[in-house]
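Thanks for asking me to look at this one with you. Below are a few points to follow as you turn the model around on your screen.

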Amino acid sequence: MSQSHFTLSFPLKSPADAKMLAEKLPPMMPALFQAADAVGRIHYSRFAVLSEKTLLFLADFDGEFGQLMADLAAHAGPVFDAIFQHVENPPSTPVAANADAFVEWTASHLVHALNLYTAYPDVTAKEIKALASAADVSGAGEQRPFLVILPIKSKLAFLEVQLILRARGHGTTKDLDKVGTPHFAQFVPLEDHQIGFFTVYDGSFYKYIADFTKNIGEVFDLIFKFTKDPPPSPCRKHLQEFIDFAAGANRAPIGFYQAYPGLTVQDIHALIADSKSQSGSDRSRGVR
């Protein structure tokens, strides 16, 4: 699998810096999107203000983390220069002229996910775009980010939740496959005994949550035993309460980048299947 995920944690100088970044970042996103297109290995990315002391940058990508950071330094240096004005102990700037320092700093501020889910693990962002272009498919779906932050009751409960999520890694993958609309998903341990659940999915929020509770609700039922002020369980029997809880715990993303907007999970699966079928047909005819 060439795909991976990163969550970067930027420690902010003050609450005022968090507020300023929330206002400063949105106008800079077109430049970041152009950089992501130029790099060509990012499937999705988004920023989110986690708290008055932390900014998060999340992405699903292909290849090696260090090389991706070096490429972002070259193509999106000014965006990160602006961010680092508000960050404690930043690396040397300008980032574009100090790529090695930027790569080292980002590697030391990685928050490692407890598990990773991808709906199409064997294809890169470039391959998906090439398949869609060759088939003249643009897609009519709508991809949406979902960034839920779950406050856990205590340090001990926080450790217990991490053990549960790691142990259920393969089962969670199968459950998410049944939902059929998530592109990528991760559970990520965060500051102050919080768990982040980050996904990109297709369609309406209500339908996503309804399908989600039916197929993966048991995971959240387990987590909610350790969560502060959880909704009633089981989730599948209290759908509206879960929807209200999820909506309230969701963080608005800043700058949602999509490498192939409009393509649903099912569109991508169909493109992959058609490509394999065509390759098999070519081989049977001796076409090279």
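1. Let us begin with the largest pocket, which is lined by 14 residues. Ser-4, His-5, Phe-6, Phe-61 and His-112 are the ones nearest its centre. Please keep in mind that this is a predicted model. The volume of the largest pocket comes to about 180 Å³.

2. Which strand gives the largest share of the lining of the largest pocket? That is S1, with four residues. Strand S1 (3-11) and strand S4 (110-111) each contribute at least two residues to the lining. Sorted by class, the lining of the largest pocket holds seven nonpolar, six polar and one charged residues.

3. S1 and S4 also belong to an open sheet of five strands, in the order S4-S1-S3-S2-S9, with antiparallel pairing. At the edges you will find S4 and strand S9 (254-258), each of which pairs on one side only. Strand S2 (residues 42-51) meets S9 in the antiparallel sense, over three bridges. If you would like a place to zoom in, try Tyr-44, which stands opposite Gln-258 in S9.

4. A further open sheet has four strands, running in the order S5-S7-S8-S6, and here too the pairing is antiparallel. Its edge strands are strand S5 (115-118) and strand S6 (143-151), each pairing on one side only. From one strand to the next, the twist averages 10°. Inside this sheet, strand S7 (residues 182-190) and strand S8 (residues 194-202) are joined in the antiparallel sense over eight bridges. One pair to pick out is Val-188 with its bridge partner in S8, Gly-196.

5. Now for the helices. Helix H3 (residues 65-84) and helix H4 (residues 99-108) have axes that come within 9 Å and cross at roughly 95°. The two helices are therefore roughly perpendicular to each other, H3 against H4. Among the residues making the contact are Phe-65, Met-69, Phe-80 and Phe-84 of H3, together with Phe-102, Val-103 and Trp-105 of H4. Counted by class, the contact of H3 with H4 has 11 nonpolar, two polar and no charged residues.

6. Helix H8 (residues 205-224) packs on helix H9 (residues 239-249) at an angle of about 90°, and their axes lie 10 Å apart. This angle makes H8 roughly perpendicular to H9. The contact includes Phe-205, Tyr-206, Phe-212, Phe-220 and Phe-224 from H8, and Leu-239, Phe-242, Ile-243 and Phe-245 from H9. What classes do the residues of the contact of H8 with H9 divide into? They are 13 nonpolar, two polar and no charged.

7. The loops between these helices deserve a look as well. Most residues other than glycine have a negative phi, and most peptide bonds are trans. Between H3 and H4, the loop contains Pro-94, and a cis peptide bond with omega of about 5° joins Thr-93 and Pro-94. The loop between H8 and H9 holds Pro-234, and the peptide bond from Ser-233 to Pro-234 is cis, with omega near 0°.

8. One last spot to visit is Asp-136, in the loop between helix H5 (125-134) and S6. Although Asp-136 is not a glycine, its phi is positive, at about 55°.

Terms used
Residues are numbered from 1 along each chain as its sequence is written. This is a predicted model: local features need pLDDT of at least 70, side-chain atom pairs count only at pLDDT 80 or more; totals for chains, interfaces and linings use all residues. Side-chain values use heavy atoms; hydrogens and water are left out. Axes are lines fitted to C-alpha atoms, for helices over the stretch in contact, and angles run from 0 to 180 degrees between N-to-C directions. Angles under 35 degrees count as roughly parallel, over 145 as roughly antiparallel, 65 to 115 as roughly perpendicular and the rest as oblique. Contact means heavy atoms within 4.5 Å. Ala, Val, Leu, Ile, Met, Phe, Trp, Tyr, Cys and Pro count as nonpolar, Asp, Glu, Lys and Arg as charged, and the others, Gly among them, as polar. On a 1 Å grid over the protein atoms alone, a cavity is a set of points where a 1.4 Å probe fits but cannot get out, and a pocket is an open set with protein on both sides within 12 Å along at least five of seven lines; lining residues have an atom within 4 Å of a point. Grid points are joined across faces, edges and corners, and a volume is the space filled by probe spheres set on the points. Two strands pair if DSSP finds at least two bridges between them.
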